[in-house]
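Ready to practise reading a structure? Have a look at the one below, then try the exercises before you read each solution.

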Amino acid sequence: MGGLALAVITVVGTGASLALDQRYTDADGDMIADVPTDPSKLIDPGTLVFAYTPVEDPAVYTKVWEGFLKHMETVTGKKVQFFPVQSNAAQIEAMRAGRLHIAAFNTGSNPIAVACAGFRPFAMMAAKNDEFGYRMQFITYPGSGIESIEDIKGKKLAFTAETSNSGFKAPSALLRDQFKMEANKDYEPVFSGKHDNSILGVANKDYAAASIASSVMDRMIARNVIKREQVKVIYQSDRFPTSGYGVVYNLKPELQDKIKSAFFSFKWEGSDLLAEFGKSEPPQEKFVEISFKDSWKVVRDIDAAMGIKYTCK
């Protein structure tokens, strides 16, 4: 197993720039949308809407987030509603259209949400010792005949969605630049929609191989959705940042401050959040403050290597 970092450094320069959609400004150069200074452009919704990144079974995560959202109601003095989303694109569109106020955007869609939806990420989950992140993994099933990435040649490879870092962008860059393998020439790409679907597809032998986020598979194994012996890891990367949590840019500043306070004052001990996200490796046991400009540089670098533009429709 190798590390992705070296491959990325060889194909990327000093880092990808990020141009925000014309509806946003970035006067302070922090690469995220400024909060409007015109009071008429600020919003103060009676009900705040929160969405976690798309998962196979949103009902599971409605329960997982329930205690946290009640805490946020106490801190903000507002009702907070959980909004189950079916895709990264739908989640980004909901925030861009003003229907979503607080969200966790997955690693790969974070820059798109920042550029196109006015997303202002400020937090990420981490272990108590401040370790964070997940690994992009290529997985197969025992007996598939696939022992290395090169063995994927001529076979179907499951990706999740084109906005996903570990589910598409990072593995595509790695295959192209380190293994000289091109989609539709050396392998057949298929899209499952979600990491859960890709992992289940490999475990059930529907897909010969898939690129996935290690944190999702760790939690699925811990919940007995699949058994560890059903899958085999043939490659894993260095760590990437996990989903970024934040708010839409035009919430009233004092409300943004209260929402941020709710994240950092939440008590994880005995919570459903800890029961679910503590199953990752490293365990996710608290929220830590992040900088989009710094923490997501490696992701923007991969996007630059892939020629990806953050074009807003």
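**Exercise 1.** Find how strand 3 and strand 10 are joined.

*Solution.* Start with strand 3 (residues 102–105): 4 bridges join this strand to strand 10, and the two run antiparallel. Strands here are DSSP runs (E, at least two residues) and helices are DSSP runs (H or I, at least four), numbered from the N terminus; two strands pair if DSSP finds at least two bridges between them. Next, pick out one pair: Ala104 lies opposite Tyr245 of strand 10.

This is a predicted model, in which local features need pLDDT of at least 70, side-chain atom pairs count only at pLDDT 80 or more, and totals for chains, interfaces and linings use all residues. Residues are numbered from 1 along each chain as its sequence is written, and side-chain values use heavy atoms, with hydrogens and water left out.

**Exercise 2.** Which residue of strand 10 is the bridge partner of Arg120?

*Solution.* First, note that strand 4 (residues 119–126) runs antiparallel to strand 10, with 5 bridges joining them. Then look across from Arg120: the partner is Val247.

**Exercise 3.** Why is strand 10 described as largely enclosed?

*Solution.* Check residues 244–248: 5 of the 5 are buried (under 20% relative accessible area, 1.4 Å probe, protein chains only). Strand 10 is therefore largely enclosed by the rest of the structure.

**Exercise 4.** Follow helix 2 from residue 58 to residue 76.

*Solution.* Begin with its buried residues, among them Tyr61, Trp65 and Phe68. Then find Glu66, where helix 2 bends by about 45 degrees (the angle between axes fitted to the seven residues ending there and the seven starting there). Finally, just after the helix, Gly77 has a positive phi of about 75 degrees.

Conventions: Buried means under 20% relative accessible area, exposed over 50%, partly exposed in between (1.4 Å probe, protein chains only). The bend at a residue is the angle between axes fitted to the seven residues ending there and the seven starting there.
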